[in-house]
Amino acid sequence: MEPLEITERIKERFPDEVLDVIEFREQLAVVIKKERIVELCRWLHDEPDLGFDYLKDICGVDYLGKKPVRFEVVYTLYSLRHRHMLRLKAAVSEDAAYIDSVVPVWIGANWHERECYDMYGIRFNGHPDLSRVLMPEDWEGHPLRKDYPEGGPEREWQGFQEVLDKAQKLKEFSWKG
Amino acid sequence: MEGIEKPLQTKELTVSMGPQHPSTHGVLRLVLELDGETVVKCTPHVGYLHRGVEKLAEGMTYLQALPLSDRLDYISSMSNNVGYCLAVERLFGIEAPDRAKFIRTIVCEMTRISSHIIWVATHALDLGAMTVFLYSFREREWLLDLFEMLCGARLTVSYPRIGGVRNDVSQEFLDSLYKFTDEFPKRIEEYETLIDKNRIWLGRTKGIGVISAEEAINWGLSGPVLRGSGVDYDIRKRFPYDAYDRVDFDVPLGRNGDVYDRYRCRMEELRQSVRIIRQCIERLPRGPVMTPDAPKFTLPPKERVLADMESLIHHFVLITKGPMAAPEGEIYVATEVPKGELGFYIVSDGTGKPYRMRVRAPSFVHVSLLPRLCEGGLVADVVANIGTIDIVLGECDR
């Protein structure tokens, strides 16, 4: 299906959800509201002539100071059957930094959503195990946010001191003691 | 004899496998809950190699960020570079010249061979067949020598550049590579003789870690892990990049989606890679290896910088300000690297630096599959399951 046909279908079915359609270098991005994301994804997945059965990627983007709504969660979808691609972008505001999880639709979304939570602090409601994946569990802050300094926070991660203490203790270990 | 009368007490045992374990292929930690020999629960812990590549890229120009892609999957750095360059080229709206496209295809396939033979070597080593390891590292050495001849580096190459490749190939390199493609099919047969009909190998791979086609698609798997389940999805065929639409090759598919089928897929891919390289060498066109738009994106040759004012200015501007500002927009470009689908999603805000660079790494998705593969199986098969998804933690953690 042609990219523009896909957007027409989405607009037809979810007229109130679509905020914007952007085309750049023959790639299509549809900006949507976050409320009915699961319903929309389920429909995209199940509808026979759309058939977006393959989730390539989910990631967050932080538009601090650039856009009125701070975050976007970007879903890159592909249909193995019909060979067409679509990018969904759900706008997520800073004070309500949550969105519904699409794990019921594509199970592969699990770790992508965990990473998005880890890096941006966007919560995914209904996710089976929403915990940090790349950063340590007791890490403070979300590194990929634009207001997070590139060199890391001023304070040291508290786990680091624990590791040093443990190493020191092991060094001093003796059979007698 | 009271003890015999009592019913046997059993309890589940928690075993921490890794992060330092020879079979986890890097710093991966699995927490296994065992009921006897059966794995009840498997929880992967990753992030030990997290270097914040995506954050680092935001502070760099498009040129500077290229070496970051080397360090993702450090045993197939050529393919990662090509993936990054294609994404940036697509963003800028430029295209590499024909000769560069063929050269990139050649180096990508060389990388695929080198990555797959490391995979078969270590996978077989994990499952108790040590000889393959010694054989396949001989061929890998040959390939690394060729990379060294090509660009001076063996592992982290940064040879493909935005708009082409760093330098042209020499006749000596092409001759040696052609000789390699003559020899290599015989070597593949050698590996296969060692393990293909080995009863231990068959026993440890057939029917282990089965994943059906529907499930594999739903999980978002890619590369040989997806094709082992019989799903015909190869980005080289679906979205041909570089010279892949001008060469003939087949996409090997598995049927049962078990460890054995994924092994067969990769072995066949080795043969197809040889086919692609041969065709590329035979049809290698003449011409430049860098696009004529190059001054805006890439550094001029050193001898010109020293001799000619214009080049010196270009060099200075590129280093201090970065390449010409990219148009505002966003792009997702995927390439087929040895491990699967490597996607770069770049958001540009119209400056010389990426506003957001997302790396969709195949290993990250595949590690998340591990609980599905391991749970309910035997603890001995955990090693087979880690091996079969072919992960590199540098890419998983980024």
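Start in chain A of this predicted model by selecting helix H1 (residues 3-13) and helix H2 (residues 37-46), whose axes come within 12 Å and cross at roughly 130°. That angle makes H1(A) oblique to H2(A). The crossing of the two helices is right-handed. To see where they touch, show the side chains of A:Arg9, A:Ile10 and A:Arg13 on H1(A), and those of A:Leu40, A:Trp43 and A:Leu44 on H2(A).

Keep A:Leu44 selected. This residue is among those with the most contacts inside the largest nonpolar core, which has 173 residues. Add A:Tyr75, A:Leu88, B:Met110 and B:Tyr159, the others named for having the most contacts there. As a general point, nonpolar side chains in soluble globular proteins tend to be buried together.

Now centre on A:Tyr75. Which residues does A:Tyr75 contact, leaving aside its neighbours within four places in sequence? The list consists of A:Ile37, A:Asp57, A:Ile58, A:Leu86, A:Arg87, A:Leu88, A:Ala90, A:Ile99, A:Asp100, A:Val102 and A:Phe124.

Before leaving chain A, select A:Leu164, which lies in helix H4 (residues 158-172). Is A:Leu164 buried or partly exposed? Its relative accessibility is 41%, so A:Leu164 counts as partly exposed. Draw a distance from its C-alpha to that of A:Tyr98: the two are 36 Å apart in space and 66 residues apart in sequence.

Move to chain B and return to the core of 173 residues. Which helix gives the largest share of this core? It is helix H5 (residues 98-126) of chain B, with 12 residues. Next, show helix H12 (residues 259-283) of chain B beside H5(B); their axes come within 9 Å and cross at roughly 150°. H5(B) is therefore roughly antiparallel to H12(B). H5(B) passes H12(B) in a left-handed crossing.

The last stop is the cysteines. How many disulfides does a search of the whole structure find? The count is 0 over all chains. Select B:Cys151 and B:Cys85 to see why B:Cys151 is unpaired: the closest cysteine sulfur to that of B:Cys151 is in B:Cys85, 13 Å away, which is too far for a bond. B:Cys396 is in no disulfide either, and its nearest cysteine sulfur, that of B:Cys42, is 13 Å away. Colouring by accessibility shows B:Cys151 as buried, with a relative accessible area of 16%. B:Cys396 is also buried, at 0%.

Terms used:
Residues numbered from 1 in each chain as written. Chains lettered and ligands numbered in written order. Predicted model: local features only at pLDDT ≥ 70, side-chain atom pairs only at ≥ 80, totals over all residues. Heavy atoms only, no water. Disulfide = S-S within 2.5 Å. Buried < 20%, exposed > 50% of the residue type's maximum accessible area, 1.4 Å probe, protein only. Core = buried A, V, L, I, M, F, W, Y, C linked by side-chain atoms within 4.5 Å. Helix = DSSP H or I, 4+ residues; strand = E, 2+ residues; numbered from the N terminus. Contact = heavy atoms within 4.5 Å. Axes fitted to C-alpha atoms, helices over the stretch in contact; angles between N-to-C directions. Parallel < 35°, antiparallel > 145°, perpendicular 65-115°, else oblique. Left-handed = near helix turned anticlockwise from the far one by under 90°.
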